Structure formats: C-alpha cells, structure tokens
Amino acid sequence: PQQKRKRQFDFITSDILKSKQMHLLAAQYFSSLGNTVFIVSALITLVQAGLATEVQAKNVSEEAQSKFNITIALLSAFSVFWQSFAKHWDFSGRAGLHKSASSALTKLHTVALLRAREEQAKDSCATADCDDDSNGNNAVPLLSKKDLAGLGVVEEGVEGINTDLIPTDLV
C-alpha cells in the first residue's frame, strides 16, 4: 500500500508540474504574440507619419501626393482593423490567466508536498515511540490555515476560503 501511494503521489505531482510548465509556456507564447501585435501596430503608425510628412513637402508633385494620400488611407484602414483584432485577441489577458493558473498549480504542489511530509511523519510515529497529545493521538503537528497563509497557499483572514484543494486534515 505504501508503494502504491508513493506511485500515485509521484504521478499526481508530475502531472501538476507538467501542467504548470505548460501554463508557463502558454503565458510566454501569448505575451510574445501580444508584443508582436503591438510592434506591428506601432510600425504601421510610424510609416503613416513618415508618409504624411513626405506629402507635406513642397517638392512633391500632385500625382505623388495623391498616391501618398491613398497609401496613408489604406494604412489607416488596416491599422483600425489590426487594432480591433488585437483588442479581440487580448493576448496579454490570456498570458495573465495562464500565469495565474501556473501560480495556483505551484501552490497546489506545495500543499501536496506538505501533505506527503505530514503523512510520512504520521507513518513514522505510528511505528516509532512518539509523544502523544492529551487525547492519546500521535502528536504530529497539523498545519493550520494560518500556517498555510504564511506559505502563501491560502490568504490569511479571509472568511469563506475555498479549501477544496487543501486536504481537510491540514486546516
């Protein structure tokens, strides 16, 4: 039974770490896409400004001015659509959500490790001579909500904390 629990724990923790890594990679990917979209938008605006400045020059013919104006109008229309798509895609928001999920998985992994250490301590006390508390139970200290808050796993002082992911004997 001990080896089976260890294999299950190893499987769960490796799955948590794999998911965490995937969310970190997704956050980096969406962040870089957001930066690329911004750079393209900035370059379009820069080209528009350069063309508008060139049109204002006194030594440009009327035919060249009309071509510049048409190019500026097309770039403006493309820029509006590009910025609308950039807002719709919201790559920075997606990156933030993936980073947040990665942080939550880190906290979950921390709780799993603490739970495993506590179980190991309970098992060693069950086979060894450990001091008992006043109720006759093995005196393995449990982690309270305050202890978990100190580790950044739950927020201290918040009522109605969702402790579904925290093993019940830890809180």
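Colleague: Why is V40 called partly exposed, and not buried or exposed?

Modeller: In this predicted model, V40 has a relative accessible area of 28%. Buried means under 20% and exposed means over 50%, so V40 falls in between and counts as partly exposed. V40 lies in helix α1. Its C-alpha atom is separated by 9.1 Å from that of S79, and the two residues are 39 apart along the chain.

Colleague: What makes S41 buried?

Modeller: S41 has a relative accessible area of 12%. The limit for buried is under 20%, so S41 counts as buried. S41 is found in helix α1, which covers residues 2-55.

Colleague: Which residues does S41 touch, leaving out those up to four places away in sequence?

Modeller: S41 touches W82 and Q83.

Colleague: What makes the pair S41 and Q83 a polar contact?

Modeller: The contact joins the side chain of S41 to the side chain of Q83 at 3.2 Å. The cut-off for such a pair of N or O atoms is 3.5 Å, and 3.2 Å is within that cut-off, so the pair counts as a polar contact.

Colleague: How do you know that α1 is roughly antiparallel to α2?

Modeller: Two packed helices are described by the angle between their axes and the distance between the axes. The axes of α1 and helix α2 (residues 62-89) cross at roughly 160° and come within 9 Å. Angles over 145 degrees count as roughly antiparallel, so α1 is roughly antiparallel to α2. The crossing in which α1 passes α2 is left-handed.

Colleague: Which residues form the largest nonpolar core?

Modeller: The largest nonpolar core has six residues, namely A26, F30, V37, W82, F91 and A95. At least two residues of this core come from α1, and at least two from α3 (91-127). The most is given by α1, with three residues.

Colleague: Which residues is F30 in contact with, apart from its neighbours within four places in sequence?

Modeller: F30 is in contact with F91, R94, A95 and H98. Apart from the core that holds F30 lies another core, of five residues, including I44, L51, V55 and L75.

Colleague: Why does V47 count as partly exposed?

Modeller: V47 has 44% relative accessibility. Exposed requires over 50% and buried under 20%, so V47 counts as partly exposed. V47 lies in helix α1. From V47 to I72 the C-alpha to C-alpha distance is 8.5 Å, with their positions 25 residues apart in sequence.

Colleague: What makes the phi of D90 worth noting?

Modeller: Most residues other than glycine have a negative phi. D90 is not a glycine, yet has a positive phi of about 45°. D90 lies in the loop between α2 and α3.

Colleague: Is D90 buried, exposed or partly exposed, and why?

Modeller: D90 has 39% relative accessibility. Buried is under 20% and exposed is over 50%, so D90 counts as partly exposed.

Colleague: Why does L24 count as partly exposed?

Modeller: The relative accessibility of L24 is 32%. With the limits at 20% and 50%, L24 lies in between and therefore counts as partly exposed. L24 lies in helix α1. The C-alpha atoms of L24 and G96 are separated by 10.0 Å, and these residues are 72 apart along the chain.

Colleague: How many helices and strands are there in the chain, and what pattern does the chain follow?

Modeller: There are four helices and zero strands. Along the sequence the pattern is α-α-α-α.

Colleague: What percentage of the residues of the chain count as buried?

Modeller: Of the 171 residues, 20% count as buried.

Colleague: Of the contacts between residues at least 6 apart in sequence, what percentage join residues at least 24 apart?

Modeller: Among these contacts in the chain, 65% join residues at least 24 apart.

Notes. Residues numbered from 1 in each chain as written. Predicted model: local features only at pLDDT ≥ 70, side-chain atom pairs only at ≥ 80, totals over all residues. Heavy atoms only, no water. Buried < 20%, exposed > 50% of the residue type's maximum accessible area, 1.4 Å probe, protein only. Polar contact = N/O pair within 3.5 Å; in protein donor to acceptor, adjacent residues only side chain to side chain. Contact = heavy atoms within 4.5 Å. Core = buried A, V, L, I, M, F, W, Y, C linked by side-chain atoms within 4.5 Å. Axes fitted to C-alpha atoms, helices over the stretch in contact; angles between N-to-C directions. Parallel < 35°, antiparallel > 145°, perpendicular 65-115°, else oblique. Left-handed = near helix turned anticlockwise from the far one by under 90°.
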